[in-house]
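Me: I have a protein model open and would like to learn how to read it step by step. Could we go through it together with some questions and answers?

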Amino acid sequence: MSVRMRAVAAYLRLTAKPRMATAEAARRRMADPGPAAAAPAALRRRHEVDIRDVEGFPVTTVTPRGGATRTVLYLHGGAYVAGAAPQHWALAGRLADAGARVVVPDYGLAPRHTYREAYRLLDGLYPDLGDDVVLAGDSAGGGLALGFAQTLLGADRPQPRQVALIAPWLDLALADPAVAVAEARDPWLSSAGLREAGRAWAGGDDPADPRLSPLHGPLAGLPPVRVWVGTRDLLYPDVLRLRDRAAAEGTRVEVTAVRRAVHVYPLTPTPEGRAGTRAFVAAVTG
């Protein structure tokens, strides 16, 4: 683990972990999530950025000025209760720099909105994206991305070329006993707060529904799935469960696990994060 990763972990333990450490803390955050970060001016200077409405929600598209041959539908993380962060726009900029058109939906957040509206948004958006699409996301957005890919199976709709996920939230209930062991090492995430956010996102429905917990959904027929995850992440055990289940069912899920890296490590300002970003961008745009 780099010195910078160690410093990021310490900072997260002091500042970020308390915000979702308990169910009550999660409810407070849902009541006052703060504004989402808008596409920054630097991104607008380098690329064309436009916003349109789809199913009542804003969708931002970042297009390289020289044009793009591939589209990335990117679903941001935030435990389904927080909007896009500056780190998400930085990654969108890197993808656009590499020649991809990046589509970032501002899907509705819990508790005001649920997964049902997010899926309607994706259903309305996806057909217009063309034939060469990569479906990507991090954390909660990673779970949503994989869940949406599963809904395309058998629905007479084309699959994305690949699914690229950063530390996806795969089981809303975090039911695996190994999660508790991983949580003790995680300086950022807390299962109690995540479960409370997950209940709000489910809107009264069964959290085991694959649209909420794609770990329980179909894997056969999916395009190649690639996952980047750190081992100091309470979501790590479920990523391993996805990998092992996919291997048993003959589906390709490739996992890059970085020892002692924190949640969504490619988004962190660390040597591990920079290497993770390079690998992610190369895989998505190559």
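Reply: Happy to help; what follows is a set of questions and answers about this predicted model.

Me: Let's start with the open spaces. Which residues lie closest to the centre of the largest pocket?

Reply: The largest pocket has a volume of about 850 Å³. Its lining is made up of 35 residues. The ones closest to its centre are R19, R29, A85, Q87 and W188.

Me: By class, how many residues in the lining of the largest pocket are nonpolar, polar and charged?

Reply: Helices α1 (3-15) and α4 (86-97) each supply at least two residues of this lining. Sorted by class, the lining of the largest pocket holds 22 nonpolar, 10 polar and 3 charged residues.

Me: Which element gives the largest share of the lining of the second largest pocket?

Reply: The second largest pocket holds about 190 Å³ of space. Its lining includes Q87, A90, L91 and R94, along with others such as P266 and T277. Two elements give two or more residues to this lining, α4 and α10 (271-285). The largest share, 4 residues, comes from α4.

Me: And how do the residues of that second lining divide into nonpolar, polar and charged?

Reply: G273 and R274 are among the residues that line the second largest pocket. Under the grouping used here, Gly counts as polar and Arg as charged. Across the lining of the second largest pocket, the split is 5 nonpolar, 4 polar and 2 charged.

Me: Now for the closed spaces. Which element gives the most to the lining of the largest cavity?

Reply: A search of the whole structure finds 1 cavity of 30 Å³ or more, and the volume of the largest cavity is about 40 Å³. Y74, H88, W89, A92, V102 and V104 line this cavity. The elements giving two or more residues to the lining are α4 and β4 (100-105). With 3 residues, the element that gives the most is α4.

Me: How many residues in the lining of the largest cavity are charged?

Reply: The lining of the largest cavity has 5 nonpolar residues and 1 polar residue. The number of charged residues there is none.

Me: Let's look at a helix. Where on α2 do the buried residues fall, and how wide is their arc?

Reply: In helix α2 (residues 23-31), the buried residues are A25, A26 and M30. Looking down the axis of α2, these buried residues line one face of the helix, because they fall within an arc of 140°.

Me: Which element do the buried residues of α2 pack against?

Reply: Think of the helix as having two sides. The face turned away from the buried side of α2 carries the exposed residues R28 and A31. The buried residues of α2 pack against α8.

Me: On to the rings. What kind of aromatic pair do Y80 and W201 form?

Reply: The whole structure has 7 aromatic pairs. For Y80 and W201, the rings are 4.2 Å centre to centre, with 5° between the planes. Planes under 30 degrees apart count as stacked, so the pair of Y80 and W201 is stacked.

Me: How many residues apart in the chain are Y80 and W201?

Reply: Y80 sits in the loop between β3 (70-75) and α4, while W201 is in helix α8. Both Y80 and W201 are buried, and Y80, Y107, W169 and W201 form one aromatic cluster. The pair links distant parts of the chain, Y80 and W201 being 121 residues apart.

Me: Is Q150 buried or exposed?

Reply: Q150 is found in helix α6. Leaving aside neighbours within four places in sequence, Q150 is in contact with P210, P214, G217, P218, L219 and L222. Its relative accessibility is 5%. Since buried means under 20%, Q150 counts as buried.

Me: Finally, which residues does G203 contact beyond its neighbours within four places in sequence?

Reply: G203 is found in the loop between α8 (191-202) and β7 (225-232), and is partly exposed, with a relative accessible area of 35%. The C-alpha atoms of G203 and H113 are separated by 8.2 Å, though these residues are 90 residues apart along the chain. Leaving aside its neighbours within four places in sequence, G203 is in contact with T114 and R116.

How values were computed. Residues numbered from 1 in each chain as written. Predicted model: local features only at pLDDT ≥ 70, side-chain atom pairs only at ≥ 80, totals over all residues. Heavy atoms only, no water. Buried < 20%, exposed > 50% of the residue type's maximum accessible area, 1.4 Å probe, protein only. Contact = heavy atoms within 4.5 Å. 1 Å grid on protein atoms, 1.4 Å probe; cavity = no way out; pocket = protein on both sides within 12 Å on 5 of 7 lines; lining within 4 Å. Points joined across faces, edges and corners; volume = space filled by probe spheres on them. Arc of directions from axis to C-beta. Phe/Tyr/Trp six-rings, centres within 6.5 Å; stacked < 30°, edge-to-face > 60°.
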